[in-house]
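Let's take a walk through this one together. Have the sequence and the 3D view open side by side, and follow along.

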Amino acid sequence: MGRGPASWKAAGSGEEQLDHIFYDTELSTTSANTNLTLFDGTEAASGLDDTNMPIASQLPSSQRFLVKKISVHFNDVLASADAENILDRGSFEMRVNDRRVFACPLREVMSEKTVLPSGVTQDEQYFVGGTYEFENYVHIPGGVRFNVLIETGETAPGASTALTVCLHGELVRSV
């Protein structure tokens, strides 16, 4: 079981605390080393199928979120070679208040729900990843800028695909 930071405060009077996932989706493009910024859109502008962010790049000041787990997955079925190209030397970075709080190779946060289909480089499809679970949880205060940056791999994929980043944790909000 992980630990919350000293800055984290559980729900108090007039608040509720619930399990929640914030998610956002971006297209990978067909270029190598593409920089993607996630959590910079809103549900009102993009729709619930792309994101559930109430405000771009931050939570309302009356809310706070404790990130316990990260998962990233491809939304579309794509050729295995393209998936490998996006993942090869790709990187993941989470920033809170314009400060890096977590970074790793993109492969380390790919969800177990991601399937690499059979194709040119392998005979069978297989699942990748297992999500990343924090030992020391990350606190995202309301009203503070946060985002996720993904840099795709060094080889250009033949097709673009949607990448969805999910931040799993606990949301505290006013009732």
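Keep in mind that this is a predicted model. Start with Cys-104: its relative accessible area is 13%, and because the cut-off for buried is under 20%, Cys-104 counts as buried. Cys-166 gets the same kind of check: at a relative accessible area of 11%, Cys-166 is buried too. As for disulfides, a search of the whole structure turns up zero.

Now look at the stretch around that first cysteine. Strand 5 covers residues 99–105, and it pairs with strand 4, residues 91–96, in the antiparallel sense over six bridges. If you want a handle on the register, find Glu-93, which sits opposite Ala-103 in strand 5. Strands 4 and 5 make a hairpin with two residues between them. In that turn, Asn-97 has a positive phi of about 55 degrees.

Next, move over to the open sheet. Four strands build it, in the order 1-10-3-8, with antiparallel pairing. Strand 1 (15–27) and strand 8 (132–141) are the edge strands, each pairing on one side only. Going from one strand to the next, the twist averages 30 degrees.

What does strand 1 pair with, and over how many bridges? The partner is strand 10, residues 162–174, and the two run antiparallel over 13 bridges. To line them up on screen, pick Asp-24: its bridge partner in strand 10 is Val-165. As a general reminder, strands of a sheet pair through backbone hydrogen bonds, either parallel or antiparallel. Side chains in a regular strand, meanwhile, alternate between the two faces of the sheet.

Technical notes. Residues numbered from 1 in each chain as written. Predicted model: local features only at pLDDT ≥ 70, side-chain atom pairs only at ≥ 80, totals over all residues. Heavy atoms only, no water. Pairing = 2+ DSSP bridges. Axes fitted to C-alpha atoms, helices over the stretch in contact; angles between N-to-C directions. Disulfide = S-S within 2.5 Å. Buried < 20%, exposed > 50% of the residue type's maximum accessible area, 1.4 Å probe, protein only.
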